[in-house]
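Colleague: Please take me closely through the interface, with the cut-offs behind each term, and begin with how strands are paired so that I can follow the sheet as well.

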2 protein chains.
Amino acid sequence: MPAPIAIAIHAGAGTILRKRITPAVQQQYEQELRQALEAGVHLLQQGGSSLDAVTAAVMVLEDCPLFNAGRGSVFNSKGHHEMDAAIMDGHTLKAGAVTGIQRIKNPIQVARLVMEKSHFVFLAGEGANEFAREHQLSEAPDNYFYTEYRYKDWQRKQQNAATGKHLGTVGAVALDTNGNLAAATSTGGITNKAYGRIGDSPVIGAGTYANNNTCAVSCTGTGEHFIRAVAAYNVSCYMEYKEVSLHEACEQTMQKLEMVQGEGGLIAVDAYGNIEMPFNSEGMYRACYHPDGTMDIRIFR
Amino acid sequence: MPAPIAIAIHAGAGTILRKRITPAVQQQYEQELRQALEAGVHLLQQGGSSLDAVTAAVMVLEDCPLFNAGRGSVFNSKGHHEMDAAIMDGHTLKAGAVTGIQRIKNPIQVARLVMEKSHFVFLAGEGANEFAREHQLSEAPDNYFYTEYRYKDWQRKQQNAATGKHLGTVGAVALDTNGNLAAATSTGGITNKAYGRIGDSPVIGAGTYANNNTCAVSCTGTGEHFIRAVAAYNVSCYMEYKEVSLHEACEQTMQKLEMVQGEGGLIAVDAYGNIEMPFNSEGMYRACYHPDGTMDIRIFR
């Protein structure tokens, strides 16, 4: 039997209401999810690494204006786009993360470079932007990140001095033929967020975690709760210290999240290629490819 | 028997070499540690909260130019001081954290306000500074943070294009008469660090964590490794899922840190007032007050 491969992706949870989505729009979302999933699957099938697969899948989602990451990022309270991303290698436990990235097309690439080309794990703001420019990552003007839907949403939130409940984030977790796990997450945060607000996505342990001994996890939801629950690492600890299955560890973690009123979900894969995608919001954009070659693309339950 | 109280503080690990410290200097450090510890003990004895106790202890350490936090913060690669801090309430699992704070005397107060007065957990850079100014926290000019020793150290590092191995950070963990645990950490980071580098101190789960069901933890050391090991939350998970003592959980966490070449230590207290202060560096500035009223102030083993 060949070594199993598996990959799961998500593109956020929370603002999806079944009654407001038309079949045509749903199809469009599913098409984008498929494209991102296939980018990862293709690499894994060629023997590529889980790190490359999660990077590739997240880049497709970042390039799509439908999702709140990269191009489709929401507007913050000052009308800018501040993006966060993180990646972790389950083989080496190395990680890279950035917060407050501006005018860079693919924040996940910056996180990857922080992991591979710096002595640091986590870079913020202008320092992270400088690092990205030094490594000649693709920049884009502000209007590249403009989407009418996000702009109107921001204007409404500004009038009400409200922050969004946009649980938009994209992420991917994968297992490659060498048995290596990896996780990646990228987000524009929440609409009208305070300048400088950091959610769970770039926080290693909260929104992103990978360890070959247990699992790879990427979260999406009300970031503050995921930070307080150290959600991603909790899945891993539960598996390692309670010696339970990925399924059980994910269920327990969702319960912990609910104890702090967390809303959203997560995707996770273990070293056997088992995939879990629990969520407590009405929907979660998600897709996965199992070791047996079957594929699943869903938005609602 | 009255309800037990306990508090432990640290003021960094790493650059302390026994052969280079004179008895007079050692006495000066111990005096500062005693003052910080007593600030916390005093509050706890009056029935004050563990949150107030860790805040008070950390503020004394932030105000002391000897330690790398607040006033004594190191210089970053641009010659500025960028400070990080975090606090967590073990009763509510609420948390507040800031990174890249500038010209504010007590970053731990900003973290506390983020926890108590915002919908967020983690704020970065100018956004965090704006938030601090809006809440009228004490500001200080750049020269308040000038210390000759740190400046010379920075100039040397600049010449060698090296980053420091300054494992300086301050922190406190406490148990109050209501059985509530709290943890707080504050740091200036590492000398000549890249602009925007975030260490483990403000990362909930990595450098700071508290949960009444398990323990409160504050770490000091090579931050990147503590992030990758999700060190503080690992102590808590080990206790919760393996049902072992605080001592055992701390030992196991130090082993995990060593697996990723982490250097430094941590302080931890549980709901019974047990205190652990393990480290793998030559020394760690530390002090603690036990439920039986005994006090310990140490630098080396």
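Modeller: Two strands pair if DSSP finds at least two bridges between them, and strands (E, at least two residues) and helices (H or I, at least four) are DSSP runs numbered from the N terminus. This is a predicted model, in which local features need pLDDT of at least 70 and side-chain atom pairs count only at pLDDT 80 or more, while totals for chains, interfaces and linings use all residues. Residues are numbered from 1 along each chain as its sequence is written, chains are lettered from A and ligands numbered from 1 in the order in which they are written, and side-chain values use heavy atoms, without hydrogens or water.

In chain A, four strands form an open sheet in the order S8-S9-S10-S11, with antiparallel pairing. Its edges are S8 (208–210) and S11 (275–276) of chain A, each of which pairs on one side only. Three antiparallel bridges link S8(A) to S9(A), residues 215–221, and Thr208(A) is opposite Ser218(A) there.

Strands also pair across the interface: S7(A) runs antiparallel to S4(B), residues 122–124, through two bridges, with Ile198(A) partnered by Phe122(B). Counting contact as heavy atoms within 4.5 Å, chain A and chain B each bring 43 residues. The two chains bury about 3500 Å², 65% of it on carbon and sulfur atoms, where buried area is the accessible area (1.4 Å probe) lost on being put together, summed over both parts. Of the area that chain A buries against chain B, Phe120(A), Arg228(A) and Tyr241(A) supply 21%, more than any other three residues.

Four salt bridges (side-chain nitrogen of Lys or Arg within 4 Å of a carboxyl oxygen of Asp or Glu) are counted between chain A and chain B. In one of them, Lys256(B) meets Glu240(A), with the closest N and O atoms 2.9 Å apart. Among the elements giving two or more residues to the side of chain A that touches chain B are S3 (95–101), H4 (125–134) and H6 (223–228) of chain A, and H7(A) gives the most, with seven residues.

As for symmetry, a turn of 180° with a shift of 0.0 Å along the axis lays chain A on chain B at an RMSD of 0.0 Å, superposed by least squares on the C-alpha atoms of residues with pLDDT of at least 70 in both. That is the relation of a two-fold axis. Both copies use the same surface, since 100% of the contact residues of chain A recur in chain B. Tyr241(A) comes closest to the rotation axis of the residues of chain A, its C-alpha lying at 2.8 Å.
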